[in-house]
Amino acid sequence: MIIKLKIFRFDPRRNKKPYYQTYDVEADPMERLLDCLNRIRWEQDPTLSFRWSCGHGICGSDGMRINGICGLACQKLVKNFKEEILIEPLPVFKVVKDLIVDLGPFLEKYNSIKPYLITQSSPPEKERSQSPEQQQLFEEAIRCILCACCTASCPVNQNPETASYVGPAALVRAFRYLFDSRDEAAEERIALLNQKDGAWGCQTLWKCTEVCPKEIPVTKQIGQIKKRIYESKHPKE
Ligand code: SF4
Ligand code: FES
């Protein structure tokens, strides 16, 4: 079948403003949109820029907006689209070129929540062990591949007045460490998250959960962070 891809184009070094370019691509219904983008680049237009690496929903580098919804091009089958498909870069972030955005600010926010295990006690002789039940608490959160689709879809992050909100991806990682039995920095983490632009920036709009390609219950996890903050301030008698 022949499909039409209408793609956002913008090279800040050459173009005064963005424009859209439409390509006809021969594709099998079972191919992914990433295959179509590659075919355009290899056979029609080598100037088209986009990121990808694994091709299988693991690296998180081909997040883009497809017919208005953020997702991974490598996870979208051609057969699920009709007529023309609109492909744009992730919103919220500055466009570097075409579908490539600057994820620097996204990673800065991610780093701000201290995305690593913090311990104070001396290391045990072997590894810091935990039970399968303890690991299960954050099992879903460790599926995050940092594709940024959630943060780009979040209306709070999209609003320039509230864009300083740390965003759902950073909060998923914060959840991962806050609920890890081996981590010893709960107090420090709660202080970091107990901020207007921290966990309380979330307005429970569920957009992040709707788009997450790894089906992480993002909004629910942010809710659990808020509950944990509340409980730390209002301990039960
Ligand atoms: Fe991507 Fe989901 Fe991680 Fe957000 S939580 S960065 S949507 S994998
Ligand atoms: Fe790696 Fe899509 S190319 S997640």
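This is a short dialogue on reading a predicted model, from strands to salt bridges to a ligand site.

Reader: Let's start with the strands. Which strands does strand 1 pair with, and in which sense, parallel or antiparallel?

Author: Look for bridges between two strands, then check which way they run. Here strand 1 (residues 2-9) and strand 2 (residues 19-26) run antiparallel, with eight bridges joining them. Strand 1 also pairs with strand 5 (residues 84-88), this time in the parallel sense and over four bridges.

Reader: Can you give me residues to click on? What is the bridge partner of Phe8 in strand 2, and what does Lys4 stand opposite in strand 5?

Author: Sure. Phe8 has Tyr20 as its bridge partner in strand 2. For strand 5, find Lys4 and look across to Glu84.

Reader: And hairpins? Which strands form a hairpin with two residues between them?

Author: For a hairpin, find two paired strands and then the turn that links them. Strand 3 (residues 63-66) and strand 4 (residues 69-72) are antiparallel, paired over four bridges. Arg65, for instance, is partnered with Cys70 in strand 4. Two residues sit between these strands, and Asn67 in the turn has a positive phi of about 45 degrees.

Reader: Now the charged side chains. How many salt bridges does the structure hold?

Author: There are 17 salt bridges. With each one, check the N to O distance, then ask how exposed the two partners are. Asp11 and Arg13 make a good first case: their side chains meet at 3.3 Å, N to O.

Reader: Asp11 and Arg13: is each one buried or exposed?

Author: Buried means under 20% relative accessible area, so Asp11, at 5%, counts as buried. Exposed means over 50%, so Arg13, at 67%, counts as exposed.

Reader: Which parts of the chain does the salt bridge of Lys114 and Glu188 link?

Author: In this salt bridge the closest N and O atoms are 2.5 Å apart. The pair links distant parts of the chain: Lys114 lies in the loop between helix 2 (104-112) and helix 3 (132-136), while Glu188 is in helix 7 (residues 186-193), 74 residues apart. Both partners count as partly exposed, Lys114 at 26% and Glu188 at 32% relative accessibility.

Reader: What about Arg128 and Glu184, where do they lie?

Author: Their side chains meet in a salt bridge of 3.9 Å, N to O. Arg128 lies in the loop between helix 2 and helix 3, and Glu184 in the loop between helix 6 (168-178) and helix 7, so this pair ties together parts 56 residues apart in sequence. Arg128 is partly exposed at 23%, and Glu184 is partly exposed at 31%. Salt bridges can share partners too: Arg9, Asp45, Lys97 and Asp98 are joined into one network that way.

Reader: Back to helix 2. How many Å separate the C-alpha atoms of Glu108 and Val166?

Author: Compare distance in space with distance along the chain. Glu108, in helix 2, is 58 residues from Val166 along the chain, and their C-alpha atoms are separated by 9.3 Å. Glu108 counts as exposed, at 59% relative accessibility.

Reader: Last one, the ligand. Which residues are around ligand 1?

Author: List the neighbours, then sort them by class. Around ligand 1 you'll find Cys144, Ile145, Leu146, Cys147, Ala148, Cys150, Ala169, Cys212, Pro213, Lys214, Ile216 and Val218. By class, that shell has 11 nonpolar, no polar and one charged residues. The space ligand 1 takes up is the largest cavity.

Key. Residues are numbered from 1 along each chain as its sequence is written. Chains are lettered from A and ligands numbered from 1 in the order in which they are written. This is a predicted model: local features need pLDDT of at least 70, side-chain atom pairs count only at pLDDT 80 or more; totals for chains, interfaces and linings use all residues. Side-chain values use heavy atoms; hydrogens and water are left out. A residue is near a molecule or strand if one of its heavy atoms lies within 4 Å of it. On a 1 Å grid over the protein atoms alone, a cavity is a set of points where a 1.4 Å probe fits but cannot get out, and a pocket is an open set with protein on both sides within 12 Å along at least five of seven lines; lining residues have an atom within 4 Å of a point. A molecule sits in a cavity or pocket if more than half of its atoms lie within 2 Å of its grid points. Ala, Val, Leu, Ile, Met, Phe, Trp, Tyr, Cys and Pro count as nonpolar, Asp, Glu, Lys and Arg as charged, and the others, Gly among them, as polar. Two strands pair if DSSP finds at least two bridges between them. A salt bridge is a side-chain nitrogen of Lys or Arg within 4 Å of a carboxyl oxygen of Asp or Glu. Buried means under 20% relative accessible area, exposed over 50%, partly exposed in between (1.4 Å probe, protein chains only).
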